[in-house]
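Grab a pencil and work through the exercises below. Each one sets a task, and the solution then goes step by step.

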Amino acid sequence: MSPEFGSRKARHGGHRAVGAAVLLLLTSAYVSAADTSAFEVGHAAYEAGKFAEASTAFSQAPTSAEALHNLGNAEYRLGHLGPAILAWERARALNPGYRDTVANLRFARGQAGLEQPEASWYENYSAFMTPNRWIVIAMLSFWAAVALLVLPHLLRVRRTLWTQAAAVAAIVTFLLTLPALVGIIARNRIGIVMAANTALRLTPTKEGEVLGSLPEGELARVEKKRGDYWYIRASSDRAGWVSHQEFMRLWQ
Amino acid sequence: MHFSTVFPILRAGIFAFAFTASLAFAQRPFELPGTLPTPSRDPGLPLPPPPLPEPRQLPFDQLNQRSAPDDLTKRGPTPNAQNVSATATFEPATVPLKSFGEYQVTIVGTHNGIEIPNPLPAPEGLVVELASKSMSVEVINGQRRESTTFHYSTTAAHPGTYVMPAFTAQVNGVPVTIPSARVQIEEPNTGDLPFQTVTAVIDLPEGEYYVGQSVAARLLVFDTADENVQAIVNVAKQSGDVLFQSQPFSRRDRVDWHGKSLNATVTPLRITPIKPGETEINVQALVYITRIGPGGRATGAMPQAMLETPPVRIRVRALPEKGRKPGFTGGIGKFEMGRPTLSATEVVVGDPVALTVPISGEGNIEAIAPPPLASDDQWQSFAPASDAARDPATGRGTKTFTYTLVPRSPSLRATPAIPFSVFDPERGQYVDLSVPPIAITVKPSASSASSGEEAKSPAVDQSPEPKQPQPILTGLAEKPGSRGYAVPLAWVAGFWTAQILPAGALLGLWAIRRRADYLAAHPEVVRRRAARLAARRHLRMARSAAHQRNTEQFVRSSIDAIRAAAAPLDTTEADSLVLAEVLANLPDDTHAQTAGRTVRRLFEHAHTERFSGHSAGANGVFDLLSDVEQTVSTIEKHQP
């Protein structure tokens, strides 16, 4: 093989890589531009008082805490308390530190006379960061701990102090993520009542006896599922079956 | 006269004088406002004679009901018509025209049950007006004697002799004759002064005034030889772009007015201009007057007069913008600041402390607002309170600003300075009266000390009036933000699939390590594998040589393949095996058969080529390829 040929081949390979990168960038730029456009359309519609259009645009924008926050605002302005609270709760899950969302949730619940939801300590703990961040940290710390414990043996490498310290740190990190993971699993049962005066039924049927009702925007937890019905429990142990159309889970 | 005789008489006389004076003073409420003329006086004009008062209704019922204290009436003897007598006189008997005299009717013997005709049967031209009623008790020769005197103010429009005829009064239902009395009304002498009425003026300090300035002024009502001021009420502003305030009291004083020392009744006023420019101020007041009779005695009547001061023109300027200092809150006057004080010099973070700032002086003390002090990250400040007081005698005022401050940091060493200034109208400039910082020690709170953090806003719960902010719907997020997942990663199947990668990698490493350990413990396995690989390689070369009809290469590769296959059975290196050794390692059942023949033929062919010096030729050696493959396979199968 001549050096000339080799250099030409390398040059051709470099061209292909650059082309692929440019294509990727263009694609991502196009997608990003489209996403930004939907967000901005929603923003402009909201500013113009066209809250229905704003809601549609924000719901079409890529999922982000900001887009969900704005979606909640638009829904609230439309008088849709349930969808608004759901959007804000989802926004808060994606960005627990976004104070505007927390303020809006407090405001909307205060205006509607809804109780502020109670959460267990591990749910609050899990809300310290986004669920995905907890999960990634848990995953990395778990595999890091396993690798640091196993690899020296498999690779016939002598264990050093730093590897052992790193293993301990990884184990501790993983243990610290466990309550958050439990909290995330618990929060997975959370949902929002989407319709006003949602009936709590004795049985998971349309004709089931109505035990009571829940106001729109009320937070409840799913305990069972039967067909198109969920058995949910709200504050003060108000429990009953509701249909899927009347209740939306936080992560659904 | 013995003292024991004189003392009861003296005591009764003092008692009678005091009682008469008290009753005379008590007659004031019986004046009927509005029944007397209330002329408006202009002191700049010649004093006109007073109009003749009109007779008025006599409130006898009220007079009788409030005739005497209970103790006297109870202790007095029961009225007896036979002991009751009456007298009537004019005092003085001769009265100048347009002056006032007094007609007195005295009932001796009782205080109660007296009914005087109303109106009196006065002659035409004589005006008689009830002014007051007095009662007295005399002790003569050990016996009490009560008497009641009705005082009438009299005047006449024409000179002449007027006779009040005798008339009958009723005393406890018994008629008592009041004798007639005579009065002479004469033309005044040429040396007599005309009747002089009281006059009122406003006394304002000299100088220019500023909008908002609180100016101390006085309403002066001067006495004359004919009238004295008894009381001033209902002082009100008639004109002028000013705020007007009158003190509710007056005092009699000697006043220097235009070079004369005059008796006057002084009413303090406070005037606040509200508009720049020139304005005229005049004041109206209702004055109670006592008229002085010819003998220098008060006539007993107390008519009222509505006096109006001549207008006083003042010039009002707006406050200058130039030179205005920070903290000006409308204070105009001469003020000085007292020493600011703190309610505590050592506080804990979050505890409120009161800063008291006193100011005093002459000016619009009531209108001064406390200088604001905004909260910051060091101090939380609440709306300051203020309390003002003014000494009505001197006009000086005192105001106290009270700030409630809450320290937010233990690093604070002093209260914040508070900008404050006032305008001095005499100097015509603003004066800085800023509140200086006051030293204070701030300690960390227990909670912040334990946590190691400073309290951010600790006084929310301790504030006197906590304010709950009203929640609002926040605005929109301006930027789309980073993408996120609608559901957690763990809810995606790909997440768990991806976990196979690290798990598989670790398992692969484990398997590799396990295999390596096994091979290390069993070296024959390694050699067998190496032998098989070598045999395969030589067989491929033999096939290639057969394909190319290369006899030498075919024979050598075939022998090498058989040697490599047979080598593991011995520790000897494969290349060093000779024919006998190869044959010795062949399986017994094939020793004498095909394998042996093939091996011998190949070795013989090789020996011929090597040692005879000429080519052995192909001689059908390529037909042995299948036998060679079979022989290698047979040898491998029979390996342990």
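**Exercise 1: A small sheet in chain B**

B:Phe167 has B:Ile178 as its bridge partner in E9(B). Before going on, note that this is a predicted model, where local features need pLDDT of at least 70, side-chain atom pairs count only at pLDDT 80 or more, and totals for chains, interfaces and linings use all residues. Residues are numbered from 1 along each chain as its sequence is written, chains are lettered from A and ligands numbered from 1 in the order in which they are written, and side-chain values use heavy atoms, with hydrogens and water left out.

Task: work out which strands stand at the edges of the sheet.

Solution:
- Step 1. Strands (E, at least two residues) and helices (H or I, at least four) are DSSP runs, numbered from the N terminus.
- Step 2. Strand E8 (residues 167–171) of chain B pairs with E9(B) in the antiparallel sense over 5 bridges; pairing takes at least two bridges found by DSSP.
- Step 3. The open sheet in chain B has 3 strands in the order E4-E8-E9, with antiparallel pairing.
- Step 4. Strand E4 (114–115) and strand E9 (174–178) of chain B each have a single partner strand, so they stand at the edges and one side of each is left without a neighbour in the sheet.

**Exercise 2: Where the chains meet**

Task: describe the contact between chain B and chain A.

Solution:
- Step 1. Count residues: chain B brings 30 and chain A brings 41, where contact means heavy atoms within 4.5 Å.
- Step 2. Look at area: the two chains bury about 3000 Å² between them, 66% of it on carbon and sulfur atoms. Buried area is the accessible area (1.4 Å probe) that two parts lose on being put together, summed over both.
- Step 3. Pick out the big contributors: B:Leu473, B:Leu476 and B:Pro480 supply 23% of the area that chain B buries against chain A, more than any other three residues.
- Step 4. Look for charge pairs: there is 1 salt bridge between the chains. B:Asp517 forms a salt bridge with A:Arg156, with the closest N and O atoms 2.9 Å apart; the rule asks for a side-chain nitrogen of Lys or Arg within 4 Å of a carboxyl oxygen of Asp or Glu.
- Step 5. Find the main helix: helix H6 (residues 500–521) of chain B gives the most to the side of chain B that touches chain A, with 7 residues.

**Exercise 3: Two arginines in chain A**

Task: is A:Arg109 buried or exposed? And how does A:Arg156 count?

Solution:
- Step 1. Place A:Arg109 in helix H5 (residues 99–112) of chain A.
- Step 2. With a relative accessible area of 2%, A:Arg109 is buried. Here buried means under 20%, exposed over 50%, and partly exposed in between (1.4 Å probe, protein chains only).
- Step 3. List neighbours: A:Arg109 touches several residues, including A:Ile85, A:Glu89 and A:Leu219.
- Step 4. Turn to A:Arg156, in the loop between helix H7 (131–154) and helix H8 (161–187) of chain A. A:Arg156 counts as partly exposed at 45% relative accessibility.
- Step 5. Check the backbone: A:Arg156 has a positive phi of about 55° although it is not a glycine. Most residues other than glycine have a negative phi.

How values were computed: Lists of a residue's contacts leave out its neighbours within four places in sequence.
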